[in-house]
Amino acid sequence: MSNSQEERSEPFRIAIIGGGIGGLFCALSIHHHHHHSTMPGQDGDDVNGNGHSKSKRTIQIDVYEQAPQYREIGAGVGIGINAARLLHRLGLGPGLVQIAGQRQGTWFAFRRHEDSAEIVSVPDAEAEPGDVRQSPCARSDLLELFLAAIRERGAAALHTEKACAGVSVLNADGDGDERGGGGRVHLQFRDGTTATADLVAGCDGVHSVVRDQFVTGANNKSVESGMIAYRGIVPTAALAPGWPFAHWSNIWVGKHRHFLSYPITGNAQLNIVAFVTKRLGGGRLIGDREDEANKYKNIRESWSSLCDRDEVVADFAGFDEPVQRIIGLMDERPGRWRINDHEPLARWHFAGGRVVLVGDAAHAMLPHMGAGAGQSVEDGWILGRALSEHLGGSSNEKFQSLESTMQFYQDLRLPRAQKVQAASRVSGNLYELQTEEMSRLSYEDSLPVLAESLRERMKFVWSEDIDDSYSRMRDEEAVR
Ligand SMILES: Cc1cc2nc3c(=O)[nH]c(=O)nc-3n(C[C@H](O)[C@H](O)[C@H](O)COP(=O)(O)OP(=O)(O)OC[C@H]3O[C@@H](n4cnc5c(N)ncnc54)[C@H](O)[C@@H]3O)c2cc1C
Ligand SMILES: *[C@@H]1O[C@H](CO)[C@@H](O)[C@H](O)[C@H]1NC(C)=O
């Protein structure tokens with residue numbers, strides 16, 4: 001190793017582009033692992049690997065968010081138990097429990113649209129010791145929880161109104177020992193300012209600028225699902241009198257549409273997402289109506305676009321009374337957007353490991369497994385843990401270079417994230433009774449197919465503990 005004393009005293013600079021759930025959790029995770037991995041035996045787990053603990057280079061983390069504030073509107077996001085475990089390990093458990101809704105044992109009850117009769121009820125993952133459980137919450141509450149922790153711990157410098165316009169790599173010779181800080185990444189922002197970093201984490205979401213700079217061709221493509229979603233938040237207190245169900249997690253299923261609700265904010269609020277397929281794969285219009293086509297064309301992909309509540313009323317006419325009551329409580333201008341995902345990427349790191357993708361930037365997925373935010377949390381956890389081994393001078397050769405470290409992160413995370421990404425596409429078509437198999441079936445005959453395919457569908461997402469998978473992969477013999 002050729003680190004001079006001078007290089008060692010300079011902090012290793014990490015630039016996080018995008019302060020959404022993925023970016024903020026990534027900052028917390030890098031900070032946490034960096035400061036805990038010098039203490040082998042912490043929590044009974046030698047996170048430094050091989051009990052090795054050299055004096056470590058200090059780090060500096062900067063988060064660059066394009067928006068003027070970190071607090072966005074957004075509606076609810078599901079934090080599955082797989083991600084909730086990681087939040088608890090990071091010390092955010094009590095805060096998470098406070099803001100989460102309680103599903104009371106039911107992930108979702110799927111119901112017939114016209115009379116709410118139950119098709120199938122999918123049980124929720126069972127809670128684990130320490131109040132670790134499924135944690136659906138408001139996106140803004142979750143961001144607030146992360147921000148408070150970042151400030152309290154001094155984990156990162158938070159910048160706003162810093163939209164990244166591009167990154168370029170200096171001294172990109174690609175080899176050598178980057179622990180000395182050989183190559184730097186240069187960041188340009190839209191306001192004309194610049195910054196440099198030793199590692200750039202692109203956490204800038206589905207429209208990632210960082211990704212678009214490195215990924216070419218067919219992989220660099222957003223894919224339309226043909227579905228739109230209306231969203232809103234309504235108070236449960238207004239619904240409680242005469243609410244016919246024992247819990248708040250329901251999906252009313254119609255052909256080419258489904259209406260979904262789950263509780264957030266300690267069950268004070270219901271998160272509503274109502275999906276309608278306007279166009280099937282291959283561009284075929286539902287109902288082949290010209291006006292539908294024109295309407296769809298004008299709907300934006302943006303999280304912040306709104307519509308008139310009348311559109312929700314029209315699209316969900318004929319749905320049972322509880323649905324009508326919910327719609328009546330939605331804002332007169334509910335959110336409405338197109339939902340798109342992205343083709344799977346072959347690579348998540350570039351420029352000798354100095355640029356890496358995290359969250360939706362790496363694996364934008366449709367929302368139908370309720371797993372997108374959880375997958376970005378898993379990314380952040382693993383990236384932080386692996387980076388701390390690299391910077392801590394682990395003697396495990398998997399963490400020798402920044403590039404091999406990022407490859408390790410990718411090897412562990414990519415297959416799982418892409419499995420969820422693919423499953424999310426299928427789920428959307430299942431819920432709307434429009435898979436290839438179902439397209440030949442009547443509404444009635446589709447329902448048993450739906451019930452059967454839902455029983456075990458979520459299990460692989462919830463049951464894997466990515467931390468255990470990390471330890472296993474780290475300790476595997478290298479393939480020579
Ligand atoms: C405003 C908003 C509202 C959302 N609402 C919902 C919702 O209601 N339900 C749901 O299921 N999911 C929602 N999502 C998506 C969900 O949060 C993500 O799918 C998931 O959390 C993965 O997060 P991520 O951090 O990878 O990406 P995101 O949550 O998309 O975060 C990306 C962040 O990067 C910032 N950013 C983007 N480009 C740049 C740039 N060039 N420079 C600097 N910063 C940049 C964005 O402003 C954003 O803060 C929303 C996302 C956003 C941005
Ligand atoms: C990827 O796609 C975006 C948006 O279409 C484009 O601006 C960008 O140049 C593409 N990137 C590469 C490397 O081809």
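Let's start at one residue: T265 counts as buried, because it has 21 C-beta neighbours inside 10 Å, and 20 or more is what it takes to earn that label. Keep in mind as you look around that this is a predicted model. T265 sits in the loop between strand 14 (257-264) and strand 15 (269-277). Its backbone has a quirk too: T265 has a positive phi of about 45°, although it is not a glycine.

You can find a second residue like this elsewhere in the chain. A351 also isn't a glycine, yet it shows a positive phi of about 55°. Look for A351 in the loop that links strand 17 to strand 18 (355-357). Is A351 buried or exposed? It is buried, because 22 other C-beta atoms lie within 10 Å.

Now zoom out for a moment. The chain contains 16 helices and 18 strands. Of its 480 residues, 46% are buried. Take the contacts between residues at least 6 apart in sequence: 78% of them join residues that are at least 24 apart. So when you trace the chain, expect to meet partners from far along the sequence, as that 78% tells you.

Next, the sheets. A bit of background helps here: the strands of a sheet pair through backbone hydrogen bonds, and they can do so in a parallel or an antiparallel way.

Back to T265 and the two strands on either side of its loop, strand 14 and strand 15. Both belong to an open sheet of seven strands, which come in the order 5-4-13-14-15-12-16 with mixed pairing. At the edges you'll find strand 5 (118-123) and strand 16 (335-342), each of which pairs on one side only. On average, neighbouring strands in this sheet are turned by 20° against each other, if you ignore direction. Follow strand 15 to one of its partners: strand 12 (residues 222-235) pairs with strand 15 in the antiparallel sense, over nine bridges. To see how the two line up, find Y230, which stands opposite A274 in strand 15.

A351 leads you to another sheet. Strands 17 and 18, on either side of its loop, are part of an open sheet of six strands in the order 7-2-1-11-18-17, again with mixed pairing. Its edge strands are strand 7 (157-159) and strand 17 (349-350), and each of them pairs on one side only. Further along in that order, strand 1 (residues 12-17) and strand 2 (residues 59-64) run parallel and are joined by six bridges. Two of the partnerships are easy to pick out: F12 is bridged to I59 in strand 2, and A15 has D62 as its bridge partner there. Strand 2 is also parallel to strand 7, with three bridges between them. In that pairing, Y64 is matched with H159 in strand 7.

Here's something to think over. UniProt, in an unreviewed entry, lists residues 12-30 as a "transmembrane region". What does the model show over residues 12-30? The stretch is 53% helix and 32% strand, and its end C-alpha atoms are 12 Å apart.

Time to meet the ligands. Around ligand 1 there are 31 residues, and G18, G20, G22, G205 and G359 come nearest. The shell is made up of 14 nonpolar, eleven polar and six charged residues. Helix 2 (21-36), helix 11 (360-363) and helix 12 each supply at least two residues of it. Ligand 2 has D212, Q213, V215, T216 and N220 around it. That group splits into one nonpolar, three polar and one charged residue.

Helix 12 deserves one last stop. It spans residues 372-391 and includes G380. Why does G380 count as buried? Because it has 29 C-beta neighbours inside 10 Å. Leaving out residues up to four places away in sequence, G380 touches G22, F25, C26, S29 and V358. One of these residues, G22, also turned up among the residues that come nearest to ligand 1. And F25 shows nicely how the fold brings distant parts of the chain together: G380 and F25 are 355 residues apart in sequence, but from C-alpha to C-alpha they are 6.0 Å apart in space.

Key:
Residues are numbered from 1 along each chain as its sequence is written. Chains are lettered from A and ligands numbered from 1 in the order in which they are written. This is a predicted model: local features need pLDDT of at least 70, side-chain atom pairs count only at pLDDT 80 or more; totals for chains, interfaces and linings use all residues. Helices (H or I, at least four residues) and strands (E, at least two) are DSSP runs, numbered from the N terminus. A residue is buried if 20 or more other C-beta atoms lie within 10 Å of its own, exposed if 12 or fewer, and partly exposed in between; C-beta atoms are placed from the backbone. Two residues are in contact if their C-beta atoms, placed from the backbone, lie within 7 Å. A residue is near a molecule or strand if its C-beta atom, placed from the backbone, lies within 6 Å of it. Ala, Val, Leu, Ile, Met, Phe, Trp, Tyr, Cys and Pro count as nonpolar, Asp, Glu, Lys and Arg as charged, and the others, Gly among them, as polar. Two strands pair if DSSP finds at least two bridges between them. UniProt positions are given in the numbering used here, feature names are shortened, and annotations may be inferred rather than shown by experiment. Axes are lines fitted to C-alpha atoms, for helices over the stretch in contact, and angles run from 0 to 180 degrees between N-to-C directions.
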